[in-house]
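Q: Got a minute to go through this one with me? I'd like to start with the charged pairs.

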Amino acid sequence: MCGIVGYIGSKIAAPILINGLKKLEYRGYDSAGVAIFEDNDIKVVKSKGRLSILEEKVNEEKPQGTIGIGHTRWATHGEPNYLNSHPHVSNSGKIAVVHNGIFENYMELKEFLQTKGYQFFSETDTEVFANLIDYHYKGDIVEAVIKSINEVEGSYALGVICRDCDSKFVAARKDSPLVVGLGEGENYIASDIPAILEYTRNVYILEDKEVAVLTSDSVKVYDNHGTERKKEVFKVNWDVSSAEKAGYEHFMIKEIFEEPKVIKDTINPRIKDGKISLDSINLTSEDLEKIEKIYIVACGTAYHAGVVGKYLIEKLARIPVEVDVASEFRYRDPIISDKNLVIIISQSGETLDTLFALREAKKKGARVLSIVNVVGSSIARESNDVLYTWAGPEIAVASTKAYNTQLSALYLIALDFAMKKGRIDEEFYKRIIEELRNIPKAIESILENKEIIQKFASEHYNAKSIFFIGRGFDYALSMEGSLKLKEISYIHSEAYAGGELKHGTIALIEEGTLVICPMTQDDLMEKMISNIREVKARGATVLAIAKESNKQAEKAADVVFTIPDVDSLVAPIAAVTPLQLFAYYMAVQKGCDVDKPRNLAKSVTVE
């Protein structure tokens, strides 16, 4: 989700790189840098913080080279600082690299390179890759890059320049976007089209494991075996605003479509040899035995993820869990000691209520584990243990992909705790891990059928009040679905546990009332069917979210949106996507400002 720009031509590269990076600021970042070939050497200028700081440094140093690569970084490996910022340079100084994505096997490669005498000065996976190219470099930079990408596991978009190459540079991609811009006497690379749209509308869109070699006058593309490939020129006809959203109408829908990738990025690097490996959490089996109770503390969407986490940890690890709204937590003088673990959840890592709750917990002696999306944020820095969600920047105010990754992180934690405590067996453990790894495919299938939700929304967007009901995990889903709808469509909605209807709420159900019913829990299906019949008998229109094999749902509800047949335990990660789509399309139909709903901010840094 970081930004990459590269240039080769006859013009001074630095202003073009800075200008391109400015076009990518919407993606979010915490540091920036450029590497420019000048006087037979590579000159690197980089800084922590805003792009304006880098621009000042570049203006002071005035690099004059005409080949360069630039980067805005969203930290994943290592906190935001000068050493961890891109570009990264090999020990020899010959190779400079910018990189989006995650190299999952970087520790293994790092250990190998250390045996060959390489030293490392940052915490990043990208520095490892720069030295890996250097290790393979025998005079042919293209060959060295190809050998290196064939040894890494994970995702990447890469820009590489070499001190020995005064007339070309190399780019490559896998699972992370990268385009090549085609000019006259000059060529470009970028992680997103807005960065180069000012200079050209003719691009090559690189496919997975393709390597591009750029000179001023030519671009050649190879596969990862070194065989040249023919590419079709793609003519960009979007305006800049649309291009920034990669062709999507809003950032929110773009981010919903990014969910399969970010879930994969959150889960896959933490599974090694079929087992969960949470290197950043130092809780042993002995530590867990001493924990008498877990508190999960969060706000808004993150709180709803915490409710799922409560069900999970109690069900799998058999540790009592209490979920608290952060703004209430410290004011009720919670009973906390060193026998408690407090799990803090925050997308930004700067949510003030949550940060204060963290400090209250630490003051009372509790151990704090945070689940956050922003590396180096206040909550991350002040926690004892941190699990990063790797969702990348989330631009839309209403959280979507960050929520899915928070859930993914909680599943990893719950399974890890349960296994360490001996509460689950190896067969169950491995089966659920495999189910988690299949969730991205399930969400891809859901997104392919989004038109069903879109059509339903077009028929009901004038609803004045909407109810969400569910049981178990589906109750937590209902709360999040209701919040999403309220946030961006301004339609009043409430979420209730299905069994609570008869205790008062059912008085509000009348002819035409819209009720949304997630029903993914097999063991609660009969109870949920009864609740649907109760509201239908009073004239409600029911939309159910159910698994493909659930034929009972088709008989009970008016409309059923099906999700693939995933295990009921992991269904909450996949089943929230239809609820996000429903909220989105309802808001679009009403003409609301989807990405910037009224009165709301992305990071809440006030009490």
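A: Sure. A salt bridge here is a side-chain nitrogen of Lys or Arg within 4 Å of a carboxyl oxygen of Asp or Glu. Keep in mind that this is a predicted model.

Q: How many salt bridges does that rule give?
A: The count comes to 34.

Q: Okay, what about Glu 258 and Lys 254, what distance is there from N to O?
A: The N to O distance is 2.8 Å, and the two side chains form a salt bridge.

Q: Are Glu 258 and Lys 254 buried or exposed?
A: Both Glu 258 and Lys 254 are buried.

Q: Which residue does Glu 314 pair with?
A: Lys 310. The closest N and O atoms of that salt bridge are 3.1 Å apart.

Q: Where do Glu 314 and Lys 310 sit along the helix?
A: They are four residues apart in helix α10, residues 300–316. That separates them by about one helical turn. In general, an α-helix has 3.6 residues a turn, so residues three or four places apart point the same way.

Q: And why does Glu 314 count as partly exposed?
A: Because its relative accessible area is 24%, and partly exposed covers the range between under 20% and over 50%. Lys 310 also counts as partly exposed, at 22% relative accessibility.

Q: Next pair: what does Asp 385 bridge to?
A: Asp 385 forms a salt bridge with Arg 367, with the closest N and O atoms 2.8 Å apart. This pair links distant parts of the chain, 18 residues apart. Asp 385 is in strand β22 (residues 385–388), and Arg 367 is in strand β21 (residues 367–372).

Q: Is Asp 385 buried or exposed?
A: Buried, with a relative accessible area of 1%. Its partner Arg 367 counts as partly exposed, at 25%.

Q: Which residues are linked in a network?
A: Lys 293, Glu 322, Asp 324 and Arg 332 are linked by a network of salt bridges.

Q: Switching to cysteines. How many disulfides does the structure hold?
A: Zero.

Q: And Cys 592, buried or exposed?
A: Cys 592 is buried, with a relative accessible area of 14%. Cys 299 counts as partly exposed, at 23%.

Q: On to strands. How many residues of β2 are buried?
A: Eight of its eight residues are buried. Strand β2 spans residues 31–38.

Q: Which residues cover each side of β2?
A: Ser 31, Gly 33, Ala 35 and Phe 37 are on one side. Ala 32, Val 34, Ile 36 and Glu 38 are on the other, and both faces are covered. As background, side chains in a regular strand alternate between the two faces of the sheet.

Q: How many bridges join β2 to β3?
A: Eight, and the two strands run antiparallel. Strand β3 takes in residues 41–48. β2 and β3 form a hairpin with two residues between them. In the turn, Asp 39 has a positive phi of about 55 degrees.

Q: And how many join β2 to β4?
A: Seven bridges, again with an antiparallel run.

Q: What stands opposite Phe 37 in β3?
A: Ile 42 does. In β4, Phe 37 stands opposite Ile 67.

Q: What's the order of the open sheet?
A: Seven strands, in the order β5-β6-β7-β8-β12-β13-β14, with antiparallel pairing. β5 and β14 (228–229) stand at the edges. Each has a single partner strand, so one side of each is left without a neighbour in the sheet.

Q: How many bridges join β12 to β13?
A: Four, between strand β12 (residues 210–214) and strand β13 (residues 219–222). Within that pair, Val 213 stands opposite Lys 220.

Q: Now α14. What reach does the helix have from its first C-alpha to its last?
A: It reaches 29 Å over 20 residues, 401–420. That is close to the 28 Å expected at 1.5 Å a residue.

Q: Why call α14 largely enclosed?
A: Because 18 of its 20 residues are buried. After α14 comes Gly 422, with a positive phi near 70 degrees.

Q: Last one, the surface. Which residues make the nonpolar patch?
A: Tyr 82, Leu 83 and Phe 121 make a patch of about 330 Å². Tyr 82 is in the loop between β4 (67–73) and β5 (88–89). Tyr 82 counts as partly exposed, at 42% relative accessibility.

Terms used
Residues are numbered from 1 along each chain as its sequence is written. This is a predicted model: local features need pLDDT of at least 70, side-chain atom pairs count only at pLDDT 80 or more; totals for chains, interfaces and linings use all residues. Side-chain values use heavy atoms; hydrogens and water are left out. Patches are made of residues with over 30% relative accessible area and no salt bridge: like charges are joined within 9 Å, nonpolar side chains (Val, Leu, Ile, Met, Phe, Trp, Tyr) within 5 Å. Accessible areas come from the Shrake-Rupley method with a 1.4 Å probe; for residues, only the protein chains shown count as cover. Buried means under 20% relative accessible area, exposed over 50%, partly exposed in between (1.4 Å probe, protein chains only). Two strands pair if DSSP finds at least two bridges between them. A disulfide is a pair of cysteine sulfur atoms within 2.5 Å. The expected span of a helix is 1.5 Å times one less than its number of residues.
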